[in-house]
Amino acid sequence: MSDVIVLGAGMVGVSAALHLAMKGRSVVLVDRREPGEETSYGNTGIVEREGYIPVTIPKDPRALLRYALNQAPEANYHLSHLPKVAGWLMQLWSRSNTAGVEAYAADNELLCRHAVPEHRALAAAAGAERYFRQTGWIRLYRSPASFAGAAKLFELCDRYGVAYRVMDADGLAEIEPHLARIMHKAAIWPETDSVSWPAGVTKAYAARFQALGGRFVHGDARSLTRTADGWSVVAGGETVTAREVVVALGPWTGDILAPLGLKFPLIAKRGYHMHFGATGNAVLNHPIVDVEHGFCLTPMEKGIRLTTAVEFADRDAPPTPRQLEQLKPIARALFPLAEERDETPWLGRRPALPDSLPVIGRAPGVPGMWLDFGHGHLGFTQGPISGRLIAEAMTGQTPLVDLRPFRAERFFGG
Ligand SMILES: Cc1cc2nc3c(=O)[nH]c(=O)nc-3n(C[C@H](O)[C@H](O)[C@H](O)COP(=O)(O)OP(=O)(O)OC[C@H]3O[C@@H](n4cnc5c(N)ncnc54)[C@H](O)[C@@H]3O)c2cc1C
């Protein structure tokens with residue numbers, strides 16, 4: 001019998017498994033695919049230092065109307081999906097105000113201030129530094145109004161001591177000479193890292209886990225069964241047993257927890273990516289965010305990756321990459337993108353809770369089960385610090401940060 005089964009080999013589960021192995025626990029990591037092949041595969045690869053502003057519902061009637069008419073590339077929806085997430089959206093709406101943002105920023109700072117150093121530490125241990133770039137990332141503001149909308153972010157960065165530098169069009173052109181000069185302002189956050197292949201980083205951490213003696217096996221987490229002294233799962237052609245289990249299945253976490261009576265308000269916020277070549281000698285030096293249109297362009301090993309914002313649709317519904325089509329001409333007008341390098345767009349699913357914070361800690365009322373999921377837009381960033389925290393909690397150490405904001409009980413009246 002092993003000490004721990006970790007279900008899910010995305011960035012979150014791999015990081016938990018690696019931290020447990022580093023603490024000498026015998027760990028079996030289970031996934032139906034190879035490590036890092038789902039949401040942790042195709043994201044934007046930002047390891048974000050600030051992360052203070054959750055994705056909320058705008059109060060501006062014009063923006064709301066654009067959303068309602070399904071015209072905004074920053075948010076797309078399937079009409080049939082909306083009744084299923086109405087309760088979730090109402091909860092998000094109740095937090096879409098200054099007090100909600102302040103509360104989120106204070107809690108998320110607990111994780112964000114450790115996110116970059118924790119990633120760098122795992123990258124050094126796993127020999128994955130080659131994927132990391134310490135260039136920071138840039139937000140682009142096309143209009144005075146959108147720049148004014150960033151005031152809260154700047155205020156929170158000042159409060160928590162996070163560096164940023166505002167640039168005018170000339171300043172931006174100095175560091176990104178191939179961007180069209182159509183921006184009112186831009187700002188760079190130099191303490192944020194990014195990676196050139198998110199899946200490669202996840203796989204490198206998984207390889208490090210195995211080098212420490214951890215076992216990775218293919219299996220279906222839905223075979224998880226309670227035993228007299230722990231848990232079992234059918235994986236790798238055998239029945240694997242362990243005293244404790246960590247559920248880190250990202251957007252699939254509910255598949256395991258709902259049958260146990262733990263019904264979390266977890267939804268899958270879908271997003272797409274496509275890679276492009278660059279025309280001529282054009283180079284993109286940093287990841288950039290077009291704030292108005294809610295998309296990112298970032299240099300990756302395969303080319304320049306365009307990632308989209310949120311699509312509200314059933315987790316398993318067929319892809320509808322409408323936002324990507326809307327964004328292509330906008331992105332091409334911003335940077336001289338050349339040929340498309342993917343046959344079809346990649347679709348990913350952010351595991352999202354309505355308070356935009358993850359669950360890290362014990363499963364309420366289920367002895368021997370631990371939870372590490374719901375990292376939403378920041379799971380690549382926060383996987384390593386979350387893994388460290390859950391490993392500390394499971395091994396009786398005092399976690400590096402207060403885990404109370406991340407307790408599962410907050411969704412069950414606790
Ligand atoms: C377009 C886009 C851009 C993003 N950009 C960023 C970014 O720049 N920075 C950032 O921090 N975050 C970003 N995110 C969010 C981030 O990608 C996710 O929060 C993160 O990858 C979630 O990791 P995870 O390990 O929880 O889930 P996943 O990576 O999805 O891992 C879950 C694992 O569970 C496995 N699994 C599921 N069901 C079963 C089963 N029944 N049996 C066995 N295995 C199972 C899956 O195969 C998968 O490997 C982005 C997301 C998207 C969609």
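Q: Buried means under 20% relative accessible area, exposed over 50% and partly exposed in between, with a 1.4 Å probe and protein chains only. With that in hand, are Y141 and F154 buried or exposed?
A: A word on the model: it is predicted, so local features need pLDDT of at least 70 and side-chain atom pairs 80 or more, while totals for chains, interfaces and linings use all residues. Residues are numbered from 1 along each chain as its sequence is written, and side-chain values use heavy atoms, without hydrogens and water. For Y141 and F154, the answer is the same: both are buried.

Q: What kind of ring pair do Y141 and F154 form?
A: Rings of Phe, Tyr and Trp (its six-membered ring) pair if their centres lie within 6.5 Å; planes under 30 degrees apart are stacked, over 60 edge-to-face and the rest tilted. Here the centres are 6.4 Å apart and the planes stand at 65°, so the pair is edge-to-face.

Q: Which rings are linked into a cluster with Y141?
A: The whole structure holds twelve aromatic pairs. Ring pairs join Y141 into a cluster with F147, F154, Y164 and W189.

Q: How far is R139 from the ring centre of W189?
A: A charge sits over a ring if NZ of Lys or CZ of Arg is within 6 Å of the ring centre and within 35 degrees of the ring normal. R139 lies over the face of W189, and its distance from the ring centre is 4.5 Å.

Q: Which residues is E118 in contact with, leaving aside its neighbours within four places in sequence?
A: E118 is buried, with a relative accessible area of 9%. Taking contact as heavy atoms within 4.5 Å, and leaving those neighbours aside, E118 touches H19, P384, I385, R388 and L400.
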